[in-house]
Amino acid sequence: MRADLPILLAAALGALLGWPRLPNAAGSDAPATGFSADRAMGRIRVWSPEPRPTGSEAHEAVVDSLDHDLTSLGFDVQRQTPGALTNLVASSPGAGPEGVWLVAHSDSVAAAPGAADDGLGLGVVLEAARALSVERPPGRLHVLITDGEERGLRGATAFVHDAPAADRLAINIDARGTEGPAYMFQMAGSTPELLSAWRASGCAAQATSLAQTVYDLLPNDTDFTVFRGAGWRGYNFALIGGAWRYHTADDTIANLAPRSVQQIGDCVLGLARAWLDRAPGLPAAPSERAYAQVAGLTIGAPPWLVTLLGLAPLGLLRWRTAPRSCATFAAVALLTVLAGALISRGAQVFWPGFSTAIAEVPNPGPLYAAVLLLGLAGCAFLRRFSPDGMAAPTILLTAAVAGLAPAVGYILVPGAWVAGLRGRRTWWPAVVPALLAGLLLGPFYAAICPALTTRMLPVLAVVPLVTLGGLFSRSAEKGTSAGS
Ligand SMILES: [Zn+2]
């Protein structure tokens with residue numbers, strides 16, 4: 001019992017340190033070589049007074065405006081017109097080796113002014129290109145503004161078809177929301193190489209191999225899907241906070257958060273600079289790696305190490321009580337999902353259209369809180385009535401996931417160590433993995449609500465059961481821990 005407080009405090013401290021932070025938005029008087037959210041948003045404001053679907057007059061005006069802006073920065077701008085689309089392909093002057101491609105899409109859906117989707121991308125690309133045109137790094141910078149993204153990635157597909165070249169490096173910016181931390185949720189190419197440029201860029205956006213693995217399983221697409229398929233390397237950025245405004249009339253400049261724009265902008269400029277300053281080398285061999293943000297640092301680990309660290313707590317497992325503990329866990333998890341589904345049903349009664357198509361419930365915070373509390377109640381129940389709290393299921397689950405999918409399983413590993421260590425007579429070493437668990441889980445919890453969307457509430461209910469078991473475990477030795 002005495003172990004509870006220090007372990008919880010360590011985990012809470014970790015979560016606090018690891019919680020995503022946003023920079024202040026730089027004003028229009030920021031240095032010319034830096035990224036200014038104010039300058040970027042000045043352009044986005046001009047482009048997003050009304051929706052600009054492909055083929056509309058509003059869309060044509062935005063393409064003309066971008067053409068003009070890029071030309072006046074000294075770029076050589078070409079128009080590509082596959083079908084009824086208009087892609088803009090702009091290249092900085094010079095004849096150096098091909099450097100970096102900054103990519104965003106100019107069209108919006110018919111229902112949305114598209115300040116974030118993808119005015120954000122347009123503004124970030126233009127402001128980063130402006131800063132680099134002042135700085136003039138050695139490599140060549142290219143800007144690709146695609147059309148018809150919202151109609152099935154058509155502009156990007158046509159571009160890749162007309163100008164096939166593997167191994168280009170693209171930085172794509174899109175949006176599924178209008179606020180919150182910036183996410184780099186997908187990479188293509190050799191992870192160690194991409195992460196080394198990432199670290200050099202000083203980018204503080206959230207990036208984990210967990211998000212990438214999950215996103216790869218989802219049917220969602222951006223232009224980046226096309227580039228990845230064509231063998232390009234690169235990074236894919238998005239905002240996901242405020243997801244209920246996605247593809248609605250509320251995707252306006254007033255709802256686009258300046259500090260989020262600043263964070264993505266700093267990253268895109270830093271990454272482009274890091275790659276443009278590099279001597280062109282041979283691409284490294286593809287290699288998968290588990291990586292995560294830990295308090296602003298991006299830590300990478302080889303998969304075998306994650307697997308090893310995930311399997312080791314099996315040595316601390318109390319096998320005698322494990323079957324009973326796991327059976328109780330399974331029953332509670334099932335009940336929690338069912339209760340989560342009930343909350344979800346209830347929400348459908350109150351919000352018509354809740355479960356249909358793309359529409360999201362506005363301000364779904366209370367729903368998320370209710371479902372997460374449900375999961376926590378399940379944890380508390382297991383802590384009290386299961387033979388070792390949640391130790392056995394936590395350790396076994398971690399071993400399975402870290403063994404099968406280390407890119408995802410890393411997030412469970414510290415919790416399994418807490419579960420294993422706190423059952424021992426000297427429990428205090430468990431404080432160290434508890435701190436690490438907080439550091440990894442803080443940003444995970446910050447991301448999971450917008451990432452899962454309101455339609456996946458029942459899934460959200462088991463998230464505490466699966467991730468917080470280390471904090472809700474206890475010693476199985478009755479008599480030694482009781483009453484202390
Ligand atoms: Zn988009």
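A helix crossing is called left-handed if the near helix is turned anticlockwise from the far one by less than a right angle, and right-handed if clockwise. Keep that in mind for the first close-up. What you're looking at is a predicted model, where local features need pLDDT of at least 70, side-chain atom pairs count only at pLDDT 80 or more, and totals for chains, interfaces and linings use all residues. Residue numbers start from 1 along each chain, as its sequence is written.

**View A. Helix 16 (431–452) packs against helix 17 (457–467).**
Helices (H or I, at least four residues) and strands (E, at least two) are DSSP runs, numbered from the N terminus. The axes of helix 16 and helix 17 sit 11 Å apart at an angle of about 165°; axes are lines fitted to C-alpha atoms, for helices over the stretch in contact, and angles run from 0 to 180 degrees between N-to-C directions. That angle makes the pair roughly antiparallel (under 35 degrees is roughly parallel, over 145 roughly antiparallel, 65 to 115 roughly perpendicular, the rest oblique). The crossing of helix 16 and helix 17 is right-handed. Helix 16 brings Leu441, Ile448 and Leu452 to the contact, and helix 17 brings Val459, Leu460, Val463 and Thr467 (contact: C-beta atoms, placed from the backbone, within 7 Å). By class, that's 6 nonpolar, 1 polar and no charged (nonpolar: Ala, Val, Leu, Ile, Met, Phe, Trp, Tyr, Cys and Pro; charged: Asp, Glu, Lys and Arg; polar: the others, Gly among them).

**View B. Domain 1 (4–17 + 304–467) meets domain 2 (31–301).**
The bounds come from an automatic or database domain assignment. Here 22 residues of domain 1 touch 22 residues of domain 2. On the domain 1 side, helix 10 (303–311), helix 14 (406–409) and helix 16 each give two or more residues. Helix 16 has the largest share, with 7 residues. This side holds 20 nonpolar, 1 polar and 1 charged residues. The C-alpha centres of the two domains are 33 Å apart.

**View C. A cis peptide bond links Asp117 and Asp118.**
Omega is about 0° here. Asp118 belongs to the loop between strand 3 (98–105) and helix 4 (119–135).

**View D. Arg136 and Ala295 both have positive phi.**
Neither Arg136, with phi of about 50°, nor Ala295, with phi near 50°, is a glycine. Arg136 lies in the loop between helix 4 and strand 4 (140–146); Ala295 is in the loop between strand 8 (290–294) and strand 9 (297–301). Arg136 is partly exposed, with 13 other C-beta atoms within 10 Å, and Ala295 is partly exposed with 14 (buried: 20 or more such neighbours; exposed: 12 or fewer; partly exposed: in between; C-beta atoms are placed from the backbone).

Note on methods
Two residues are in contact if their C-beta atoms, placed from the backbone, lie within 7 Å.
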